[in-house]
Amino acid sequence: MAYDESAVKAVIAPHLDAAGLDLERVKINNAGTKSSIAVVVDSDAGPTLDELAEVARTLSAAVDDADDVFGAQAFTLEVTTPGAERPLTEPRHWRRARGRQAAIELADGTNLLARIGPLADDGTTVTVVLPGAKGRAPTTRDLALADVAAAAARVEFRKPNPVELELSGITPGRVLPGAEPADLTGDDAEEEED
């Protein structure tokens, strides 16, 4: 049995909405007994491992109840996130990647390696920070998302330039968006030891 992407999405989407997660994509590998369905999800704060495990259990139960879509054929269900070098295809992706470096290809063929700044309130343009070349200061440029042919966040292996971070609207040393990390050395850690 070959799995239909739209039918799979119809089964899982309500459960993801209830969990506060965005469905980024469904990857289906129709390979008989080795078939797999990978569900890629994300949220503004980024799902935790516990949230991913919980939604995987919920989706597994929903899939088991949807015999008309999944039949009796065995398959592997995987729930994952877009990863560190995620594609930037929707306005929410740009908003969530603020402060990160991205490889951007414009419709006119221009390629940029820039830091992502603020997304306009209407979601149609984004400010990017271009690094300064040969001792020059970084500069900003507004890009219409309609002019972006392809873009993906990039992993940086060096400390980001603090001036670039500031121009992108990120205070160096502070991660946005998302919640502050839990203090593992405070009173909460001592309570768990009891």
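This report describes the fold of a predicted protein model, from its overall composition to the packing of one sheet.

## Overall composition

The protein contains six helices and eight strands. Read from the N terminus, these elements follow the order α-β-β-α-α-β-α-β-β-β-β-β-α-α.

Of the 194 residues in the protein, 32% are buried. The exposed surface amounts to about 11,700 Å², with carbon and sulfur atoms supplying 50% of it. Among contacts between residues at least 6 apart in sequence, 57% link residues at least 24 apart.

## The three-stranded sheet

An open sheet with mixed pairing is formed by three strands, arranged in the order E1-E2-E3. Strands E1 (22-29) and E3 (75-80) occupy the edges and have a single partner strand each, so one side of each lacks a neighbour in the sheet. From one strand to the next, the twist averages 15°.

Strand E2 (residues 35-42) pairs with E3 in the parallel sense, and six bridges connect the two. Within this pairing, Val39 stands opposite Val79 in E3. In general, the strands of a sheet pair through backbone hydrogen bonds, in either a parallel or an antiparallel manner.

## Helices packed on the sheet

Helix H1 (residues 5-18) packs on the sheet and touches E1 and E2. The direction of helix H1 makes an angle of about 145° with that of E1.

Helix H2 (residues 49-65) lies across E2 and E3. Relative to E3, helix H2 runs at about 145°. Strand E2 is thus named in the packing of H1 and in that of H2.

Key: Residues are numbered from 1 along each chain as its sequence is written. This is a predicted model: local features need pLDDT of at least 70, side-chain atom pairs count only at pLDDT 80 or more; totals for chains, interfaces and linings use all residues. Side-chain values use heavy atoms; hydrogens and water are left out. Helices (H or I, at least four residues) and strands (E, at least two) are DSSP runs, numbered from the N terminus. Buried means under 20% relative accessible area, exposed over 50%, partly exposed in between (1.4 Å probe, protein chains only). Contact means heavy atoms within 4.5 Å. Accessible areas come from the Shrake-Rupley method with a 1.4 Å probe; for residues, only the protein chains shown count as cover. Two strands pair if DSSP finds at least two bridges between them. Axes are lines fitted to C-alpha atoms, for helices over the stretch in contact, and angles run from 0 to 180 degrees between N-to-C directions.
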